[in-house]
Structures are given as structure tokens and as C-alpha cells.
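Trainee: I am new to this structure. Please take one part of it, look at it closely, and then connect it to what lies around it.

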Amino acid sequence: MTNSKFDFNLIVIGAGYGGFDAAKHAAEKGLKVAIIESGDMGGTCVNRGCVPSKALLAASGKVREIANYEHLSKFGIHTSPIRFERSKISDHANNLVINIRENLTKTLTRSGVEIIRGIGRIEGHQKVAVRDKNGIDKTFSCENIIIATGSSPFVPRGITLDNKTVFTSDQAIKLEWLPRWIAIIGSGYIGLEFADIYTALGCEVTMIEALENIMPTFDPDITKIAKKSLLSSRDIETKSNVFATKITPGCPVNIELTNAKSKEIQEVLEVDAVLVATGRSPNSKDLNLESLEIKTNKGFIQIDDNMRVLSDGKVIPNLWAVGDVTGKLMLAHTAAAQGTIAVENICGHERTIDYKTIPAATFTHPEISSVGLSESEAKASSESENFSLGIVKSYFKANSKALAELGRGWFA
Ligand SMILES: Cc1cc2nc3c(=O)[nH]c(=O)nc-3n(C[C@H](O)[C@H](O)[C@H](O)COP(=O)(O)OP(=O)(O)OC[C@H]3O[C@@H](n4cnc5c(N)ncnc54)[C@H](O)[C@@H]3O)c2cc1C
């Protein structure tokens, strides 16, 4: 399939799940493919996201379950006081990362994808440049380019990281120590999953949310149940409607909390550590998008449902973008699906994406999952599109499997 005019049929910038799936799928379709990666192969999900956090959740979830004496005694099970080794839990997460990263890299090589290490950027139409670690630039030509550069933790102004006492999920996944009292800034799924891990391992948590209600991105029905089973029944204090306007690392860490409405300083907390989980920023500023006069939305690359890059609503030929850098549903399986769809379109098979059918999960104990429209979105479409809406509720408490597990102690 190589067109001799070009070095490659396809160059993918970024080897997270979006880039990985795109490159692998394109190679399987017979294209000559290169993938450029400036950091660790596998990107956020494998190295700093889904994989290590799920490993920590698996281990800490077992601690939580075995430590729930009252619940276990209802089955006639009696355990002795529980002991765990933090370093072994952390090793488990780290070893899993290494394993999955190696498998992913081998899969790409076996598929015939050329892996190029360095920082990639656009050098005009159908051209990509790579700067290696010695600062040497090489330019390649290609028929198509897929941008899959992902995202990084967003740290609001006023917050100073030292990566020891004040850190983001990039450090938290290493579980280097267990602070007695940790404040988590942000109550999205990352904040909730780490609150689950830390409380299972005996830490006290204060969760701080700038918006009026805790867990603002979740459906209100879910939030109501989650507040009870994930927050108030545990060693978690919540504070909403407050901004962490200044965080100074040290021992203790100082957090200045400002009231979101009055804009006055409300209190100063002294804690052992702070996890900043306030969302993610797109990795797009070093991509030299100006060379093709591409305008972004706060750094997020605009795309259509075929994954073609748009600027001011106009398609940029031969340029595609997938994954977190597009700011759609920022999840690994979305990035992977977008990667495959981009390649299908490059190969001339028209494919679009339907974000409404992509599920989302929060792997707390119990887990939270959702798919499709929220209730308020469904109500809004029923009004605008003039159809009637029904509501059906089913309770986990009444489910036979849940009853067999005695609610696993969460709804007791
Ligand atoms: C703590 C945490 C837990 C998560 N848990 C889940 C989960 O359970 N399920 C789920 O679906 N999602 C989860 N996510 C989200 C998921 O990790 C991301 O949605 C996913 O990694 C996005 O994939 P991506 O390919 O778009 O980008 P990334 O994985 O961020 O990969 C982008 C890659 O591009 C590289 N790169 C950037 N710029 C350049 C450049 N100029 N040149 C070369 N390379 C470059 C980066 O080094 C990186 O390796 C989690 C995220 C976090 C932080």
C-alpha cells in the first residue's frame, strides 16, 4: 500500500491507547505506519492511569472487604486483624504497568509498525518532524497524520506541586507513602477512585469541590447513593462550593480555601498531603499546529465524527485526531475506538462514532457505571424533539445476586 512519494502512509503522533489502536489497525490493513512517542509507550492509561489505578483498587478493595468484620460475620466468616504491605501493593501496580507496556510495544512491532522515539510535530501539509533526545530533528512525509497526543493533569493557579506532599494522579499511582490525612481536590472519577484506595488503606480524606455539589459530573440519582455508600459512611469529609486558592507543600501542607460565592477566604487547612485531581489539559501546544493555521478550543483539537481535524469548522485534509487531545469522552476505550474509526476512514470506509453508546465506569467499591444520555439530557431532547419520556428504576438491593452477597456490605 506504500505510495513511493511518501516515507509512510500514516504517521501517528503519540502511543497511548488512541495512537496504539490506530497504528495497529492501520498496519493490519496493510499501510506502512510509524508511531512517534516522546515518553513511555502506552501513554497515560498504561503508565499513569487506568492500569496502575485499577491495580491499586483491586488490592485496596480486598483490604476493605477483609476488614469489614461485621459484614463477613453475617456469612459466619471471622477474620483476624488485617495486615498489608504498602510496598507490595505498589509493586503489584508497577509490575503490571511494565508487563502491559512491554506487551503493547511488542504487539506494535509484530504488526510491522515502526516506533520512532522523540517529540513529534506537524511541519506543514503531510509532513511530520521528530526531535530525538539529543535534539536532532528529522522530517518525514506521509499521506495521513493522526494526532493522538493525549492529556496531562490540569493544575489550577495558586497550587504548587512538590510531587511528594502535593501531587497529581501521576505520582499518586506510585503509592510511595500513605498520608494520615490527605485532601483530594476535585470530586470527579479520579478523585473518587483515589478516595476509595486511601480510605481502604486507613487514611483520612477531605474532598474539596469548587462547584455547589460534590460529584457534579455524575447523575444526581447516582450522587445520592454514592454520597451514602462511598463518602459519608467512610473516613471522608466533603467540602463543596470552595476553591483551593493556594496550596503550599511541606509538612504540614497548607490549603487556603476560598468561598466560591463570597470570594473570601473561608478557612486554612493543614493536612499531610494533597492530591490535585482537577481535570486534564490537552497535549497540543508543542504540535506546531500553527503551521497549518489550526485553531483549537482551549487547546482541544476540534474533530468531526469521522475524526477529521477541523479548524473554524473546515476540514484540514489528511489530518486526523483521536483520544483525550480531542476532549470528547476522555476515556481509554473512546480513544481506541476513535483510533480505529480514523483508520477506517483513511482506508476509504466511511465510519462515524456515536458517543452516546460509549459506557463510562468508576471503579470504586461499589462501582458506578453509566451509558447514554443523563436524565436531564434525555428530558431536554424529549422537549426539543417532542417525544414522551418514561422512567424505569431498578434497585440493586432487590437483585438476587446482590442479596446473595448480602449487599457486599455497602447497602447494609
Ligand atoms: C488516574 C487515571 C485513571 C484512569 N482510569 C481510566 C479507566 O479506568 N478507564 C478508562 O477508560 N480511562 C481511564 N483513564 C483515562 C485514560 O487514561 C485516557 O482517556 C487515555 O489514556 C487517553 O488515551 P490517549 O491515547 O488519547 O492519550 P494518552 O494515553 O495520554 O497518550 C498520549 C501519548 O502521546 C505522547 N505524546 C504527547 N505529545 C507528544 C509529542 N509531541 N510527540 C510524541 N509523543 C507525544 C505522550 O507521551 C503519551 O504517551 C484514567 C486516567 C487517569 C489519569
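**Strand β6 and its surroundings**

Mentor: Start with one pair of residues: Ile147 has Ala321, in β18, as its bridge partner. The model is a predicted one, and what follows should be read with that in mind. The strand to look at is β6, residues 137–147. Its pairing with β18, residues 314–321, is parallel and rests on three bridges. A further parallel pairing, over five bridges, links β6 to β1, residues 8–13. In that pairing Val12 stands opposite Ile146 of β6.

The pairing with β5 runs the other way. β5, residues 127–131, is antiparallel to β6, and five bridges join the two. Val128 can serve as a marker here, with Phe140 in β6 as its bridge partner. The two strands make a hairpin with five residues between them. In the turn of this hairpin, Gly135 has a positive phi of about 85°.

From there, turn to the ligand. It is surrounded by 38 residues, and the closest are Gly14, Gly16, Gly43, Gly150 and Gly323. Six elements give two or more residues each to this shell: α1, β2 (33–37), α2 (43–48), α3 (50–67), β4 (119–122) and α9 (332–346). The largest contribution comes from α2, which gives four residues. By class, the shell is made of 15 nonpolar, 18 polar and five charged residues.

Two of the helices in that list, α1 and α3, also pack against other helices. Take α1 first. This helix, residues 17–28, packs with α5, residues 86–110, at an angle of about 30°, and their axes are 9 Å apart. Angles under 35 degrees count as roughly parallel, and α1 and α5 are therefore roughly parallel to each other. Their crossing is left-handed. On the α1 side the contact is made by Phe20, Ala23 and Lys24, which meet Leu104, Thr107 and Leu108 in α5. Sorted by class, the residues of this contact are four nonpolar, one polar and one charged.

Now α3. Its axis comes within 8 Å of that of α7, and the two cross at roughly 40°. That angle makes α3 oblique to α7. The crossing of α3 with α7 is left-handed. Ser53, Leu56, Leu57, Ser60, Gly61, Val63 and Arg64 in α3 meet Glu193, Asp196, Ile197 and Ala200 in α7. Of the residues in this contact, five are nonpolar, three polar and three charged.

Following α7 leads to another sheet. This is an open sheet of five strands in the order β8-β15-β9-β10-β11, with parallel pairing. β8 (166–167) and β11 (236–240) stand at its edges, each with a single partner strand, so one side of each has no neighbour in the sheet. Helix α7, residues 189–200, packs on this sheet and touches β9, β10, β11 and β15 (273–276); its direction makes about 165° with that of β10. Within the sheet, β9 (residues 181–185) runs parallel to β10 (residues 204–209), and five bridges join them. One residue to find there is Ala183, whose bridge partner in β10 is Thr206.

A few backbone details remain, and one general point helps in reading them. Most residues other than glycine have a negative phi, and most peptide bonds are trans. Asn163 has a positive phi of about 60° although it is not a glycine. This residue lies in the loop between β7 (151–153) and β8, and β8 is one of the edge strands of the five-stranded sheet. There are also cis peptide bonds to look for. One joins Cys251 and Pro252, with omega about 5°; Pro252 sits in the loop between β12 (242–248) and β13 (253–259). Another runs from His365 to Pro366, with omega near 5°. Pro366 is in the loop between β19 (360–362) and β20 (368–370).

To retrace the route: begin at β6, with parallel partners β1 and β18 and the antiparallel partner β5. Go on to the ligand, where α1 and α3 are among the elements giving two or more residues to the shell. From α1, move to α5; from α3, move to α7 and then to the sheet on which α7 packs.

Conventions:
Residues numbered from 1 in each chain as written. Predicted model: local features only at pLDDT ≥ 70, side-chain atom pairs only at ≥ 80, totals over all residues. Axes fitted to C-alpha atoms, helices over the stretch in contact; angles between N-to-C directions. Parallel < 35°, antiparallel > 145°, perpendicular 65-115°, else oblique. Left-handed = near helix turned anticlockwise from the far one by under 90°. Contact = placed C-beta atoms within 7 Å. Nonpolar A, V, L, I, M, F, W, Y, C, P; charged D, E, K, R; others polar. Near = placed C-beta within 6 Å. Pairing = 2+ DSSP bridges.
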